[in-house]
Amino acid sequence: EVSDGKVKIGILNDQSGVYSDFGGKNSYEAALMAVEDFGGKVLDAPIEVVTADHQNKPDIASNIARQWYDNEQVDSIMELTTSSVGLAVQALSVEEKKVTINTGAATTELTGAQCSPYGFHWAYDTHALAVGTGGALVKEGGDSWFFLTADYAFGYSLEENTGNFVKGQGGTVVGSVRHPLASTDFSSFLLQAQASGAKVIGLANAGADTQNSIKQAAEFGITQGGQKLAALLFTLADVHGLGAEAAQGLNLTESFYWKRNAESEEFGRRFLERTGSMPNMVHAGTYSAVTSYLKAIEAAGTDETEAVAAKLHELPINDVFAQDGRVGANGRLIKDVYLMEVKAPADITEEWDYYNVLATIPGSEAFMDPAKSGCPLVTQ
Amino acid sequence: MTAPLLETAGLQAWYGESHVLHGVDLHVNEGEMICILGRNGMGKTTTLRAIMGILRKRTGRITFAGQDMMSVPLHKTARAGLGFVPEERGIFATLSVEENLMLPPKVAEGGMSVAEIYDLFPNLQERRNSPGTKLSGGEQQMLAMARILRTGARCLLLDEPTEGLAPVIINAIGDVLRQLKQRGMTVVLVEQNFRFAAKVADRFYLMDHGTMTAEFPVSDLPNRMDLLHRELGV
Amino acid sequence: MAPAMTQTEPRVVLSARGLGKDFAGFTAVNDVDLDVEHARIHALIGPNGAGKTTVFNLLTKFLQPTRGKITLLGQDITQTKPDKVARMGLVRSFQISAVFPHLTVRENVKVALQRPAGLAVQFWKPLSSLDRLNGRADQLIDDLGLTPYRDHRAADLSYGRKRVLEIATTLALDPEVLLLDEPMAGMGQEDVRMVAEIIRDVAQTRAVLMVEHNLNVVADICHHVTVLQRGEIIATGDYATVSADPRVRTAYMGTEG
Amino acid sequence: MTMIFGIPVAALMGQLLVGLINGSFYALLSLGLAVIFGLLRVINFAHGAQYMLGAFTALLLLTVGGVNYWLALIAAPLIVGLFGAIIERTMLSRLYKLDHLYGLLFTFGLALAIEGTFRYFYGASGMPYAAPAALTGAVNLGFMFLPVYRGWVVVASLIVCLGVWFLIEKTKLGAYLRAATENPVLVQSFGVNVPLLLTLTYALGAGLAAFAGVLAAPVYQVSPLMGSNLIIIVFAVVVVGGMGSILGAIVTGYMLGVVEGLTKVFYPEASNIVIFVIMAIVLILRPAGLFGKDA
Amino acid sequence: MAGKSEPIPTEHVAIHPKAGAIQLALLAVIAAALLLAPQFLYPIFLMKLLAFGLFAAAFNLLLGYTGLLSFGHAAFFGGSAYFTAHAVKVWGWSPEAGILLGVLGAAALGLVMGAIAIRRQGIYFAMITLALSQMFFFFCLQAGFTHGEDGIQSVPRGRLFGIIDLSDTMTMYYFVLAVFVLGLLVIWRFVNSPFGMILKSIRENEQRAISLGYSVSRYKLGAFVMSAALAGLAGGVKALVFQFATLTDVTWQMSGEVILMTLLGGIGTLAGPVVGAGLVVTLQNYLATSDFPVTIITGVVFMVCVLVFRRGLIGEFFASRLGRKLGFRSES
Ligand SMILES: Nc1ncnc2c1ncn2[C@@H]1O[C@H](COP(=O)(O)OP(=O)(O)OP(=O)(O)O)[C@@H](O)[C@H]1O
Ligand SMILES: Nc1ncnc2c1ncn2[C@@H]1O[C@H](COP(=O)(O)OP(=O)(O)OP(=O)(O)O)[C@@H](O)[C@H]1O
Ligand SMILES: [Mg+2]
Ligand SMILES: [Mg+2]
């Protein structure tokens, strides 16, 4: 039996600001697809998806979340791009006793010190990105690194994590430079990176900063000079925006690629049909999150939070996004992630066909061991 | 007799809601110098601003050189041959003295040359490269006047040109005005300094609360002293 | 005619020695010595651009002198800030009239009364605490004939009345020394006479230094005249002496006066 | 290798040059801002949006109309200038008689609306714009590898800056403009068509921003938000130079570009606040700015 | 342009002796509405509204009464939110102590920023405050205690004076309401005080005020610090309401938003900024779930306000016939 006679899922994310291409409205489409694929009903109750634009403001997000929970019978909120929003809504949902599944934010805090019994982190996190790009690339021969780091907490943690994996694999970090958030010009920093002679230049930044660094690196002949660029947070949508010309040779990590196998390709083409673009890991992650949530309700026979959360922790996750994924006690979905390389324009056969999958990193390596995550819920 | 060069009939004007001119009738013949007298706040400045078209909220009739001026946009009044020297002088701070002087476009031949002007106002020549508003109050007054003399305007509207000037300079300006008259220039003068006006003007208007209450030629001045004493305290 | 001397001993309240000001290589004021005495009206005259306003700016510290020394009531104020100078009792008016346009006449005067009354920084007191200044304000307003306009906004007054209001505000500070820059410029004859009377009145208990081009007024009410030309003093003395000086006649008065 | 403060001289030279390139953008943008501010007394908050419009116009001209870079370099500023002229004529001009702050608030709203519109239609992550073939590649200067395009940016911005400076400070038209700032009615009564002049001024300012935008398109990602953060820095540049001072804006633009470049080497963390710090210091020592005249 | 431009308005509401009763009634209605509101509306939303209302009113204290447009007020609002959140969460301070720290911190920040900025007027002032607040933003971005992107989360509301449990939403609401009313009273008193009178005259003619012996910069600085402190009060309260402090509140966009609130409601009126804040907050909330792009709407509202609606809602109301009938007199 389902409370209020229906299951309602809220997709709350940035739809007008800097992250609007990262997840944005397309995440809502992904959720709708998941519901349709599920059959539109669970335990005979209709499923409804609502969405809102939090404008990157945690207070607006928090307000909407409360209103959804209290007045509009929303049962679960997902996507939740950007850390401050993700953490705020997850904390509030503990109070309200509701399930949140975060597919958009990067911070490991969600399943670390601030973890929640009803909070889940689905698509990726800074740890996985660091392992994927840092660890795997060293194995491919990129054993000396120079970091271009955005000068704030997100950048530091990416740099630190990645640096550790580089060293763990026997590589060295020859230097780093911190650039201010939202710099427009990276040439000074790139010249320093160039002068360092490192084999790999790690871009521990995000969004427009990463795009501009990559674009200007091409201009200064960095990749022609034999150095490799590794973007620590970059998705298919960004590659598409930047263009394959500038992005070629770039390494990055995602937990999803539409052309990886037949199933993902089928999903990707359907998604493209609906939205005009191919899904990245956030979109596919959201699809998976909705599907898994509905499966958990079905398995629990109720939409009551405790029971659903328990099922989510318990059931293996198998869908187009995750194969044999499992959810750790801290709420972290543990699944494989992939190290990609952007193809040269000549090798691209169709639009959106940007990646070569260089390596698959098993979930157990990619994600932090729940026992070591610092989450107070994990009992040793 | 030919038609007057400048004529207003029933000219009314407003500042926003406040009605300041209540029907001003005035005419100036070519080559004539008239002077408008009146106490503070009676509408003398307003009359000049309305004629010039700077104050646009006005009704009535203004003709200049046979042309109806009511519908002429502000930037074309100067080209018709009217030149205005405002009470507050309007010297530009961002322009040097010389740039200020050269600013108004020439509208006709027959204006004074720069050399003549510097001759007349040596202070200006000396300070010609400093910013306009760094001049002293009186120097600014000279500059405001000099600026219009260059343009070749046929008819000058002068608003209290002697305010704040030293007696020597007032004398000099008196000389200039007489020279201009000889060249056939038409002048409408607004003055508080009655002694000065008496020396240069051909004809007087007395203004009170937005209308002209008296009009008389300079020859009639001795007979009118009583009136002026009563009205102006002269 | 010069007014009768009632003063027993002249007391210098404001004095300048060797005062000078250069603007980017141009000397506007040079080597000016000036003594302004209590209960006297002192006129500063001179051709346009002679440096009169600049001297005012220097004395009130709106400009910092390049050279020289200024003493107010026995204290050296050469390095003092303008608001401090005003608090010490030296208050000026401006050549271009300065009032608070959106305040009423009474409020204009009260703003000046507030500081001496110690009611300036009290942000915790109600506005009505200023009511006790009404009496003094109305008195001043009445003295200067502004009573009919007491509740008008200053912006709505005619030019001449604005100047009168400015003088009222200045007097409200009860200054020791009053500096008036062309107080009668642009005024009609009637107002000129009224203001002259007012100045004569206030000067009975304080020192006045004024710039004025209206020589009738200068001759009428000023005890002492200093003539400035090109930044330097060319003559000083009573009106009769000064106006007889040939240099003054050619530089300033011309054939008039 | 010769070293200065532990940095090889060659690297330092490279950084100086890079700083100069950035300075070119600052100079162009602050110039446009200074022209509009100096002559209209409007703080043009929409300047960043107009810069973005320039880049986008070039991009759209290319993708939709097949117009190449060189033509776009001329056409885009004209189009954006025309857009500016329309805005000025229909809306901004009504604000001149009000407190100057309203101009700032209006253009702030305008910037939000323009950026919002582009973000709505083109997304946030932007699009690439390729440099023209003639300017691709790089030359090896010995101490650095200088992309040809960057060299062009410096040259183009210098030419335009000097041209505008000459126009405003040395020509009669410039004198009209400056005078009209102070007292439009009086200048108009001298026989000058002031409203037209003001419209042209705003168009010029907007066009300059667009020009910088086209120059920037091959260097940065063309995105709706490309101007929104840059504009704050450019404001600081203008304040340091002295608001309204044309020459000040240009010189300070280049200077601060270089200073910022050097900071990126010696203390990169501070590189985006160094301009603000300089601004604070300048304001304490010289409230009117380096080239400003005292109010 | 230069010289005779129409200034930013300040409306002075004078209570007409006869209209006193109507106004008291109006006030009573508003008071009752505020007390009962949480029964009908979302308490958290109402608290947000009150916090932003106070913030806008504090901002207006500076703009409306001294004519200084600060484009950096987010620094005080957001800064104080961080200080309060940190004190309460990390140091375990009581809520009132945390808020006090926020207020003092904002005032100190205001003192530093103000001391630099008040050297210039008008738009210069606006630009300088913008730049300085941008410096503060970068400080917050990088400083460890703010936790960068994540923000300070899960701040406990604690017990007021050690007794009153603020984790109860209703209790919290009445606490916020009390702070709000107190803040507005302080502003009202400040504006209608001898000090406020001097501020007004400085705004009208600075040179004249100096020549009357007022050290203009100190008065301006005083007003600036007061405004910063009150903005800090609002920020501290907001941190406790939402139980987090994040970067959003220190961005320059937030500084722009508070201007919009004030402009929309009516610059220089006591109630205007509060009404404007209410509108903006409601609009943002509404737009979040609609298909309209928020930025475009905000931008257009800004433009329309400046072009045709400068007095703002409350200002227009006071100037309207109904407003005058009710005894409001607008002086501008
Ligand atoms: N800008 C304005 N707005 C409103 N009223 C004004 C304005 N300018 C002048 N007035 C009013 O219009 C009337 C006429 O003013 P005007 O300036 O024409 O007088 P005037 O005769 O030139 O006086 P003065 O000798 O003082 O210069 C006065 O009552 C004045 O208060
Ligand atoms: N800030 C300044 N910078 C440069 N020159 C100045 C400045 N202020 C005044 N001057 C110059 O100094 C000289 C003296 O000016 P001041 O204003 O003192 O004259 P004044 O005697 O008051 O004349 P007036 O009777 O015309 O008001 C003038 O030539 C003026 O151009
Ligand atoms: Mg007049
Ligand atoms: Mg003078």
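Ala, Val, Leu, Ile, Met, Phe, Trp, Tyr, Cys and Pro count here as nonpolar, Asp, Glu, Lys and Arg as charged, and the others, Gly among them, as polar. By that division, the shell around ligand 1 holds four nonpolar, six polar and four charged residues. The model is predicted.

Start with the ligand. There are 14 residues around ligand 1. Those that come nearest are N40(B), G41(B), T45(B), T46(B) and E87(B). These five belong to chain B, but the site is shared between chains, because residues from chains B and C surround ligand 1. One helix of chain B deserves a look. Helix α1 of chain B, residues 44-52, gives the most to the shell, with three residues.

Now take the polar contacts one by one. E87(B) uses its side chain: an N or O atom there is 2.7 Å from an oxygen atom of ligand 1. E87(B) is also one of the residues that come nearest to the ligand. Q192(B) likewise offers a polar side-chain atom, 2.9 Å from an oxygen atom of ligand 1. With M42(B) the backbone takes part: an N or O atom of its main chain lies 3.1 Å from an oxygen atom of the ligand. How much of ligand 1 does the protein bury? Taken alone, the ligand exposes 640 Å², and the protein buries 68% of that.

Move on to chains D and E. Here 50 residues of chain D are in contact with 45 residues of chain E. The area buried between the two chains is about 4400 Å². Carbon and sulfur atoms give 78% of this area. On the chain D side, L101(D), Y102(D) and L105(D) lose the most area to chain E. Together they account for 15% of what that side buries.

What polar links cross this interface? The rule finds one residue pair in polar contact between chain D and chain E, with both residues at pLDDT 80 or more. The count of salt bridges between these chains is zero.

Which helices of chain D build its side of the interface? At least two residues each come from α1 (9-40), α4 (100-122), α6 (172-182), α9 (230-241) and α11 (274-285). Among these, α4(D) gives the most, with 15 residues. The residues of chain D that touch chain E divide into 36 nonpolar, eight polar and six charged.

Definitions and conventions
Residues are numbered from 1 along each chain as its sequence is written. Chains are lettered from A and ligands numbered from 1 in the order in which they are written. This is a predicted model: local features need pLDDT of at least 70, side-chain atom pairs count only at pLDDT 80 or more; totals for chains, interfaces and linings use all residues. Side-chain values use heavy atoms; hydrogens and water are left out. Contact means heavy atoms within 4.5 Å. Buried area is the accessible area (1.4 Å probe) that two parts lose on being put together, summed over both. A salt bridge is a side-chain nitrogen of Lys or Arg within 4 Å of a carboxyl oxygen of Asp or Glu. A polar contact is a pair of N or O atoms within 3.5 Å; within protein, one must be able to donate a hydrogen and the other to accept it, and residues adjacent in sequence count only if both atoms are side-chain atoms. Helices (H or I, at least four residues) and strands (E, at least two) are DSSP runs, numbered from the N terminus. A residue is near a molecule or strand if one of its heavy atoms lies within 4 Å of it. Accessible areas come from the Shrake-Rupley method with a 1.4 Å probe; for residues, only the protein chains shown count as cover.
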